[in-house]
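Student: I have a model open and would like to work through it with you. Can we go question by question?

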Amino acid sequence: MPRPRLTGLGGGLFACAAMVLVGGICWLLFGSSLFVYGLLFLPVAAATALWVRPADLITAPIGVPIAFAAGVWPISGGSGGFGGQLMGLVSALSLHAGWLYAGTLVAALIAVVRKAVLIGRRRMPRRIAR
């Protein structure tokens with residue numbers, strides 16, 4: 001698995017671009033299935049949390065929900081003008097909030113575990129020196 005180190009902004013942009021791509025694929029291949037979109041959101045959330053730099057770990061659980069909202073627009077099912085599209089987006093976000101929470105939880109758990117490992121590695125040389 002590649003080990004890129006994304007900045008906080010880079011992680012957010014990666015997640016947004018990936019979710020817009022996933023939204024387009026779901027729209028083209030799966031008939032705007034929000035279930036498939038939600039399933040594909042989970043690995044994108046995990047990859048974002050794994051690939052962000054250690055200094056920017058806090059940004060992973062923040063950028064992932066924004067990416068979910070950005071990518072759900074093509075498959076939200078709104079009709080009409082701007083108001084119809086906006087209502088479709090809000091409806092899709094509210095009806096499928098479980099996927100949003102699950103992906104955010106995945107990113108947060110990965111970030112917390114990575115941070116705990118980093119703290120443990122920093123304390124290890126101190127214990128050996130004593």
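Student: What is the mean pLDDT of the protein chain?
Tutor: Keep in mind that this is a predicted model. Of the residues in the protein chain, 93% reach a pLDDT of 70 or more. The mean for the chain is 88.

Student: Which element has the lowest mean pLDDT, and which the highest?
Tutor: Helix H5, residues 97-129, sits at the bottom with a mean of 86. At the other end, with a mean of 94, is H2.

Student: What pattern does the protein chain follow along the sequence?
Tutor: Count the elements first. The chain has 5 helices and 0 strands. Read along the sequence, that gives α-α-α-α-α.

Student: What box do the C-alpha atoms fill, and what share of the residues counts as buried?
Tutor: Along the principal axes, the C-alpha atoms of the protein chain fill a box of roughly 70 × 25 × 20 Å. The chain has 130 residues. The share of them that counts as buried is 38%.

Student: Is Phe41 buried or exposed?
Tutor: The cut-off for buried is under 20% relative accessible area. Phe41 has a relative accessible area of 1%. Phe41 is therefore buried.

Student: And Phe68, buried or exposed?
Tutor: Apply the cut-off again. Phe68 has a relative accessible area of 1%. So Phe68 is buried.

Student: How are the rings of Phe41 and Phe68 arranged?
Tutor: Their centres are 4.8 Å apart. Planes over 60 degrees apart count as edge-to-face. The planes here are at 70°, so the pair is edge-to-face.

Student: Which helices does that pair link?
Tutor: Phe41 and Phe68 are 27 residues apart, so to speak in distant parts of the chain. Phe41 is in helix H2 and Phe68 is in helix H3.

Student: Which residues form a cluster through ring pairs?
Tutor: Start from Phe41 and Phe68, whose ring centres are 4.8 Å apart. Tyr37 belongs to the cluster as well. The cluster is Tyr37, Phe41 and Phe68.

Student: How many aromatic pairs are there, and how are Phe14 and Trp51 arranged?
Tutor: The count comes to 4 aromatic pairs. For Phe14 and Trp51, the ring centres are 5.3 Å apart. Their planes are at 55°, so this pair is tilted.

Student: Where do Phe14 and Trp51 lie?
Tutor: They are 37 residues apart, and the pair links distant parts of the chain. Phe14 is partly exposed at 28% relative accessible area, whereas Trp51 is buried at 15%. Phe14 lies in helix H1 (residues 8-29), and Trp51 in helix H2 (residues 34-51).

Student: What does H3 reach from its first C-alpha to its last?
Tutor: Helix H3 covers residues 60-72, which is 13 residues. At 1.5 Å a residue, 18 Å is expected. The helix comes close to that, reaching 18 Å.

Student: Why are the buried residues of H3 on the same side?
Tutor: The buried residues are Ala60, Pro61, Gly63, Val64, Ala67, Phe68, Gly71 and Val72. They lie on the same side of H3 because they cover an arc of only 160° around the axis.

Student: Which exposed residues does the face turned away from that side carry?
Tutor: Look across H3 from its buried side. There you find Ile62 and Ile66.

Student: Which helix gives the most to the largest nonpolar core?
Tutor: This core has 29 residues, and those with the most contacts inside it are Met19, Cys26, Leu34, Tyr37, Val72 and Ile75. H1, H2, H3, helix H4 (82-95) and H5 each supply at least two residues. The most, 8 residues, come from H2.

Student: Which residues form the salt bridge?
Tutor: A search of the whole structure finds 1 salt bridge. Its closest N and O atoms are 2.8 Å apart. One partner is partly exposed at 34% relative accessibility, and the other is buried at 16%. In that order, they are Arg53 and Asp56.

Student: How far apart in space are Val112 and Leu95?
Tutor: Val112 is in helix H5 and is exposed, with a relative accessible area of 57%. In sequence, Val112 and Leu95 are 17 residues apart. C-alpha to C-alpha, the distance is 28 Å.

Student: Which residue in the loop between H1 and H2 has a positive phi?
Tutor: Its phi is about 60°, although it is not a glycine. At 27% relative accessibility it counts as partly exposed. The residue is Ser32.

Methods. Residues numbered from 1 in each chain as written. Predicted model: local features only at pLDDT ≥ 70, side-chain atom pairs only at ≥ 80, totals over all residues. Heavy atoms only, no water. Helix = DSSP H or I, 4+ residues; strand = E, 2+ residues; numbered from the N terminus. Expected span 1.5 Å × (residues − 1). Buried < 20%, exposed > 50% of the residue type's maximum accessible area, 1.4 Å probe, protein only. Arc of directions from axis to C-beta. Phe/Tyr/Trp six-rings, centres within 6.5 Å; stacked < 30°, edge-to-face > 60°. pLDDT = per-residue confidence, 0-100. Salt bridge = Lys/Arg side-chain N within 4 Å of Asp/Glu carboxyl O. Core = buried A, V, L, I, M, F, W, Y, C linked by side-chain atoms within 4.5 Å.
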